[in-house]
Amino acid sequence: MSSPYRIQGIDITELAERFGTPLYVYDADVLDDVYSGLRERLHPAVDIFYSLKANPNVAVCGRLGSLGAGAEISSLVELMTVRRAGIAAQDVIFLGPGKTRAELEACATAGLYAVVCESLDEVAELERIAAERNVADLPVLLRVNPDFHTKGSGLAMSGKPRQFGIDAEVLRRSAAQLAGLRRVRVRGFHAYMGTRFLNADDIVHNTREILALSAELARTLGIDLDTVDFGGGFGVAYFENEKDLDLDTAVAGINDVVEPFAKAHPGCRLINELGRYLAAACGTYVVQARYVKESLGETFVIADGGTNHHMAAVGIGSFVKRNFPIRSLSRHDEQPAHIYTVTGPLCTPNDVVGKKVRLPRVEPGDLIGVERSGAYGPSASPGLFLSHGFPAEVLVHRGTAHLVRERDRAEDLLAKQHTVDFGRGRHA
C-alpha cells in the first residue's frame, strides 16, 4: 500500500487505530493559519468574533480564543463552553431570535459584552430582568433587519422578511421607547446578511451598507454609537466550479470602508463575526470503507460513517447533489482512476457522502477523508439516527493528537431513557 496521509507528521492510520472511526480530526496549524491570515490583513479597529454554531468543540473555541478571537454564542451551553475555553465575558455576545427567560437572566448577570436583541419586546423583557436583578447597566446591541438587499449568499439572513432582527423602519420609529430605558443601555447595532459569500464585492457592499445604516440609526435614535457588528459570512469553496473567496480583495475593500468610519466614530468597536470561514479548513471527517460493491453498473463504497455525522455533505439547500472535497487517505498519492459513490451505514438512500467521486482504488479497510469539514459537521447532523451516536473528535496541536470529544457509547445514548413497566400482555 502507498504511503498514507499525515497530519502534522502523524500517520492517519495511527489516528484511526488509536481513536477509531468514524472520526473528526482538526489540524490546529490550519486553524491558526486561517485566523492569523485574516487578523494580519484586517483593519486594527475590527475585532474577530468566532461563531460557535459552526463548531462548538471547546478545544477549537479555546484555540481561537488563545489567538485573540472573541465569541458569538446562542445558548446556555455555548455560554458554558466559552467560559471553559477561557474567552473573557467582555469578548462575548449572545444572540438568537428565541431566547428563553433563563437565557436572558443568565445574560443579564454574566458580564457579557452585549446581548443582541432581536425584537423590541426582548429589549423590554431585559429591562424588567435587569430591574429584578438590580443590574444597573445592561449592554445590548439591536439586531437590524436592513432595508437593503444583498446577493451572493448561500443562505440570506436579512434584507427580506425574516425571524431575525428588527426591521430598520420599525427601529426608526422606536426612539421614544428606547429613550425610556433605565437599566438597559443600547451600545449599537448588529446585522448579518447571510452566509457563504464567495464574492469579495458582496462582502464589501454589505459592510458599507451596514456601517452607513448603523450611523443613520444612531443619529435618528439619539444613541451613542459604541459598537457595530457587521457580520461576516465569508464563504468556503466546497464544490466543483466554486472558487475560494479572494481574501486580499475582500479585506482591502472592508478596510477601505472601515477607515473613514473609524475616524468618524473614534472608539467604536467593530466586530467581524465568522464561523465557517475560521473552522472549515482545519477539519477532516475520516471514515473507513467496510464494503465495496457494484449495483447496476455503479460502484459503491459503504463506509462506517455517513450523513449522520456530516449532514452538510448531503448538499442541503442544493437541488443537485454536490460533493465536498473527498480523498483517499490510505492511498492519497495514487492516481484517482476509479469512480465510486461513497455512502454511510444508514438505512436511507439519502446517506450519500459523495456521489460518483474519482478516487484511487478502494478496498475494505481503506480510510477516506471528507475535507473542509471543520464547520457544521456534528453540530448540524442527526447524530442519533439509528442510534449510532456522535463520533470522536481529535485536535492535533504541535504534533500531538488530543482527544477533544469522546465517541458516544451505547450507555451514553441509553442513560437518559427510561422504560415503563407495562406488565404482561394478554398473549404473554
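Find Val342 in this predicted model: directly opposite Val342 stands Gly354, a residue of strand E19. Strand E19 covers residues 352-359, and five bridges join it to strand E18, with the two strands running antiparallel. Now look for another partner of E18. Strand E16 (residues 298-303) pairs with E18 (residues 338-343) over three bridges, and here the sense is parallel. To see one of these bridges for yourself, go to Phe300, whose bridge partner in E18 is Thr341. So far we have met one antiparallel pairing, E18 with E19, and one parallel pairing, E16 with E18.

Let us stay with strands and move to E14. How many of the six residues of strand E14 are buried? Six of the six are, so the strand, which spans residues 269-274, is largely enclosed by the rest of the structure. You can follow this on either side of the strand. Arg269, Ile271 and Glu273 are buried on one face, while Leu270, Asn272 and Leu274 are buried on the other, so both faces are covered. Strand E14 also has strand partners. Strand E4 (residues 46-51) runs parallel to E14 and is joined to it by five bridges; in this pairing, Val46 stands opposite Leu270. Strand E13 (residues 227-232) pairs with E14 in the parallel sense too, over four bridges. There, Gly232 has Glu273 of E14 as its bridge partner.

Another buried spot is Val370, a residue of strand E20. Its relative accessible area is 1%; a residue counts as buried under 20%, so Val370 is buried. What does Val370 touch, leaving aside its neighbours within four places in sequence? Its contacts are Gly283, Thr284, Tyr285, His310, Phe324, Pro325, Ile326 and Val353. For a sense of distance, try Ser330: it is 40 residues from Val370 along the chain, and the C-alpha atoms of the two are separated by 13 Å.

Now for the helices. Helix H2 (residues 28-41) and helix H3 (residues 58-67) have axes that come within 10 Å and cross at roughly 40°. Angles under 35 degrees would count as roughly parallel, and 65 to 115 as roughly perpendicular; H2 and H3 are therefore oblique to each other. Their crossing is right-handed. Which residues meet where these helices touch? From H2 come Leu31, Asp32 and Tyr35, and from H3 come Val60, Arg63, Leu64 and Leu67. Sorted by class, this contact has five nonpolar residues, two charged ones and no polar ones.

Helix H4 (residues 76-85) holds Thr81. Is Thr81 buried or exposed? With a relative accessible area of 11%, Thr81 is buried. Residues up to four places away in sequence aside, Thr81 touches Leu52, Pro56, Val58 and Cys61.

H4 turns up again when we look at helix H5 (residues 101-109), where Glu103, Leu104, Ala106, Cys107 and Ala108 are buried. What covers these buried residues includes H4, strand E6 (92-94), strand E7 (114-117), helix H6 (120-132) and strand E8 (138-145). Just after H5 comes Gly111, with a positive phi of about 75°.

That leads us to some details of the backbone. Most residues other than glycine have a negative phi, and most peptide bonds are trans. Gln8 has a positive phi of about 50° although it is not a glycine. You will find Gln8 in the loop between strand E1 (6-7) and strand E2 (10-11), and at 22% relative accessibility it counts as partly exposed. Tyr376 is another such residue: its phi is near 55°, again a positive value in a residue other than glycine. Tyr376 lies in the loop between strand E20 (367-370) and strand E21 (392-397), and with a relative accessible area of 22% Tyr376 is partly exposed.

Finally, where is the cis peptide bond? It joins Thr21 and Pro22, with omega at about -5°. Pro22 lies in the loop between helix H1 (12-19) and strand E3 (23-27).

How values were computed
Residues numbered from 1 in each chain as written. Predicted model: local features only at pLDDT ≥ 70, side-chain atom pairs only at ≥ 80, totals over all residues. Heavy atoms only, no water. Buried < 20%, exposed > 50% of the residue type's maximum accessible area, 1.4 Å probe, protein only. Contact = heavy atoms within 4.5 Å. Axes fitted to C-alpha atoms, helices over the stretch in contact; angles between N-to-C directions. Parallel < 35°, antiparallel > 145°, perpendicular 65-115°, else oblique. Left-handed = near helix turned anticlockwise from the far one by under 90°. Nonpolar A, V, L, I, M, F, W, Y, C, P; charged D, E, K, R; others polar. Pairing = 2+ DSSP bridges.
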